[in-house]
Amino acid sequence: MKHTATFLLITAMALSICLTGCMSGGNVGETVNPTPTADFMPNMNNRQTQESADYDWKANAAKVEANIGRISEIAECRVVITGNTALVGVKFDNSYKGEMTERLRQMVAAEVLAADPKIETVAVTSYPDDVEDVYELSDRMLSGKDQDDLKEEINEIVRNATTLR
């Protein structure tokens, strides 16, 4: 009986010490609110770019578009590139009733930047007229049109007030 009581006492003390070591020293009720960015087209000049060969967007755009399509709110999208600028037109899933948010823009931009770290600006639009134009530009690029020939049209959509909201 004496050994059992001693064993229980030692076990309780060991458990107490283990639980004390797992406790956080910080304020348990403290939360950190993220600060939203002011510009939805992040300028990536400050990030470190990886030295790599040029990304072949013509051959690999479908893979990036598929990755973006895995975002639950997005049904499908198209990506067009000119220089170091990417323009992404997205169509929302029918079950999503919201609008383009900063969180969605950042998620889309992250997929583009993961594929090609040389991209410095990612513009994302869900405005139907702009999305239709992006799809048309993508089709023209896939049919062999040089992306430099489409540069002005792409930049016009990037600068469009509907894209910049």
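Read from one end of the sequence to the other, the protein runs α-α-β-β-α-β-α-α. That makes 5 helices and 3 strands, and it should be said right away that the model is a predicted one. Of the 165 residues in the protein, 32% count as buried.

The nonpolar interior comes first. The largest nonpolar core holds 22 residues, and the members that touch the most others are Trp57, Ile68, Val88, Val112, Ile119 and Val122. Two or more residues each come from helix 2, strand 1, strand 2 (85-92), helix 3 and strand 3 (121-125). Helix 3 is the top contributor here, putting in 6 residues. Apart from this core lies another one, made of 10 residues, with Leu137, Met141, Leu150 and Ile157 among them.

Helix 4 also holds a buried polar residue. Serine 138 sits in this helix, and with a relative accessible area of just 4% it falls under the 20% cut-off, so it counts as buried. From serine 138 to glycine 89 the C-alpha to C-alpha distance is 9.9 Å, although 49 residues separate the two in sequence.

Turning to charged pairs, the count of salt bridges comes to 5. One of them joins the side chains of arginine 103 and glutamate 73, with N and O 2.4 Å apart. Arginine 103 belongs to helix 3 (residues 102-115), while glutamate 73 is in the loop between helix 2 (57-69) and strand 1 (74-82), so this pair ties together parts that lie 30 residues apart in sequence. The two partners are not covered alike: arginine 103 is partly exposed, at 47% relative accessible area, whereas glutamate 73 is buried, at 11%.

A second bridge links glutamate 153 with arginine 140, and here the closest N and O atoms are 3.0 Å apart. Glutamate 153 is part of helix 5 and arginine 140 part of helix 4, so the contact ties together parts 13 residues apart in sequence. Both ends of this pair are partly exposed, with relative accessible areas of 33% for glutamate 153 and 25% for arginine 140. The pair does not stand alone, either: salt bridges with shared partners join Glu136, Arg140 and Glu153 into one network. Another bridge brings the side chains of arginine 159 and glutamate 152 together, at 2.9 Å from N to O.

Some acidic side chains go into a surface patch instead. Asp129, Glu132, Asp133 and Glu156 form a negative patch on the surface. Helix 4 (residues 128-142) gives the most to this patch, with 3 residues. Glutamate 156, for its part, is placed in helix 5 (residues 151-159). Its relative accessible area is 51%; exposed means over 50%, so glutamate 156 makes it into that class.

Taken together, helices 4 and 5 show up in more than one setting. A salt bridge ties glutamate 153 of helix 5 to arginine 140 of helix 4, and the negative patch draws 3 residues from helix 4 along with Glu156, a residue of helix 5. Helix 3, in turn, gives the most to the largest core and also carries arginine 103, the partner of glutamate 73.

Note on methods:
Residues are numbered from 1 along each chain as its sequence is written. This is a predicted model: local features need pLDDT of at least 70, side-chain atom pairs count only at pLDDT 80 or more; totals for chains, interfaces and linings use all residues. Side-chain values use heavy atoms; hydrogens and water are left out. Patches are made of residues with over 30% relative accessible area and no salt bridge: like charges are joined within 9 Å, nonpolar side chains (Val, Leu, Ile, Met, Phe, Trp, Tyr) within 5 Å. Accessible areas come from the Shrake-Rupley method with a 1.4 Å probe; for residues, only the protein chains shown count as cover. A salt bridge is a side-chain nitrogen of Lys or Arg within 4 Å of a carboxyl oxygen of Asp or Glu. Lys and Arg count as positive and Asp and Glu as negative; His and the chain ends are not counted. The place of a charge is taken as NZ of Lys, CZ of Arg, CG of Asp or CD of Glu. Helices (H or I, at least four residues) and strands (E, at least two) are DSSP runs, numbered from the N terminus. Buried means under 20% relative accessible area, exposed over 50%, partly exposed in between (1.4 Å probe, protein chains only). A nonpolar core is a set of buried Ala, Val, Leu, Ile, Met, Phe, Trp, Tyr and Cys residues joined through side-chain atoms within 4.5 Å.
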